[in-house]
Amino acid sequence: MSSGSNPESSSSSQLFSAESYFATQPSPPALDADVTGVRTFIARQAKAGRRVVLVTSGGTTVPLELNVVRFLDNFSAGTRGATSAEYFLSAGYAVIFLHRQHSLQPYSRHYSHSTNPFLDFLELEQIAEPQAASLTLSSQTSSPEPIITVRSSDPKHLHTVLSAYKAVHRAGTLHTMTFVTVNEYLWLLRAVSKELNVLGRNAMYYLAAAVSDFFLPREKMSEHKIQSGKGSLIIEMDQVPKILKSMVDEWTPEGFIVSFKLETDSSLLVPKARAALERYGHQVVIGNELHRRKFEVVFVARSAPPSPEHNRDCLEDASSQIEETWLRIDEQIAGAGKEIEEDIIYELVRRHSLWTRSQIRV
Ligand code: 9Z3
């Protein structure tokens with residue numbers, strides 16, 4: 001990185017393989033505890049005979065300083081991931097929800113700080129004058145507890161969301177983990193994939209997080225806040241290694257892996273999604289254009305999903321069998337509450353079932 005004030009820190013970029021990345025970049029301090037937690041969760045779900053899906057959600061950051069003041073962020077509120085997690089849960093999956101800290105989460109997303117703020121649902125009951133006075137003057141009097149009631153313009157919806165939320169908590173089928181930086185994301189993704197590999201084909205990966213393609217290796221980061229005042233700032237970032245390739249080849253070769261491809265130029269969507277499928281050899285790429293993502297997505301997949309053998313041996317041959325399937329919902333229906341994630345998950349559950357029942361050796 002170089003700026004008017006940090007010219008000495010300029011250096012050239014190198015190409016990181018997944019291996020060299022993890023050999024040189026620091027693991028998050030809580031990694032061991034996170035792995036223990038997720039391992040216990042997976043063992044419990046395996047015992048109950050449930051399929052497990054890892055849902056990644058929200059955007060990663062790339063800090064520019066070790067004492068971080070500034071960072072590069074990736075676009076995502078976490079809507080896709082949080083919404084999808086709910087539909088996976090209602091389809092009977094256990095969900096590991098790996099999300100950007102403070103991004104949207106399943107169920108609470110319906111009542112986030114910006115959509116239906118929680119406090120707007122609460123009403124203070126009228127308290128008689130003398131009691132109100134004593135409440136104000138002293139919190140230690142024996143005056144009655146204030147009564148707070150919940151009022152919703154759509155109590156049925158609130159009841160549905162709350163019931164589903166409580167049921168999932170009782171069943172213990174949702175496990176949440178958080179990341180902020182792309183480094184934390186990569187370490188956690190690798191760790192969870194290796195743990196989930198014990199489930200073989202019963203594991204699904206739904207990679208909806210918006211992941212930076214570039215990062216600043218630790219050795220190139222400025223320790224303190226980058227100083228301004230000497231003109232422009234030039235930062236050279238290195239490319240994040242292609243971890244999908246490592247997932248398919250090493251960490252979880254039998255898992256059913258779904259990645260997302262985000263484009264803003266719709267003419268690039270299908271070609272880039274096809275290229276990703278050919279390059280990594282996983283099962284599905286879901287293409288979404290930024291502004292149409294709530295109304296249409298395109299599934300790009302092979303007509304027969306590749307087996308582990310296929311992953312290893314036949315990538316070049318498989319390109320001709322790649323098919324595109326569009327899922328669309330009417331914008332008016334979407335406005336009335338229909339979510340495209342419902343259809344996405346329905347279709348993925350169907351495809352995953354075929355994958356788990358496939359006769360090919362695992
Ligand atoms: C997505 O494409 C997600 O659908 C969105 C969801 C980020 C668009 P929101 O939650 O946004 O509705 O606010 N995620 C994947 C984005 C990404 O980083 N993809 C990489 C790429 O396109 C590959 S993993 O190269």
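## Around the ligand

Sort the residues in the shell around the ligand by class and you get seven nonpolar, five polar and three charged ones. Keep in mind as you look that this is a predicted model. There are 15 residues around the ligand, and the ones that come nearest are Ser76, Thr79, Arg80, Phe260 and Leu262.

Which elements each supply at least two residues of this shell? They are helix H3 (79-90) and strand E13 (256-263). Strand E13 gives the most, with four residues.

## Between two domains

Now zoom out a bit. Domain 1 (1-116 + 144-254) and domain 2 (260-362) both give residues to the shell, so the ligand lies between them.

## Helix H2: a length check

Helix H2 covers residues 31-47, and here's a neat check you can do on it. With 17 residues at 1.5 Å a residue, H2 should span 24 Å, and its end C-alpha atoms are indeed 24 Å apart, so the two agree. Just after H2 comes Gly49, which takes a positive phi of about 75°.

## Helix H2: two sides

Which residues of H2 are buried? That would be Asp34, Val38, Phe41, Ile42 and Gln45. If you look down the axis of H2, these buried residues fall within an arc of 100°, so they line one face of the helix.

What covers them? The cover includes strands E2 (52-57), E5 (94-100) and E8 (174-179), along with helix H6 (182-196). Flip to the other side of H2 and you'll find exposed residues instead: Asp32, Ala33, Thr36, Thr40, Ala43 and Lys47.

Conventions. Residues numbered from 1 in each chain as written. Predicted model: local features only at pLDDT ≥ 70, side-chain atom pairs only at ≥ 80, totals over all residues. Near = placed C-beta within 6 Å. Nonpolar A, V, L, I, M, F, W, Y, C, P; charged D, E, K, R; others polar. Domains from an automatic or database assignment. Expected span 1.5 Å × (residues − 1). Buried ≥ 20, exposed ≤ 12 C-beta atoms within 10 Å, placed from the backbone. Arc of directions from axis to C-beta. Contact = placed C-beta atoms within 7 Å.
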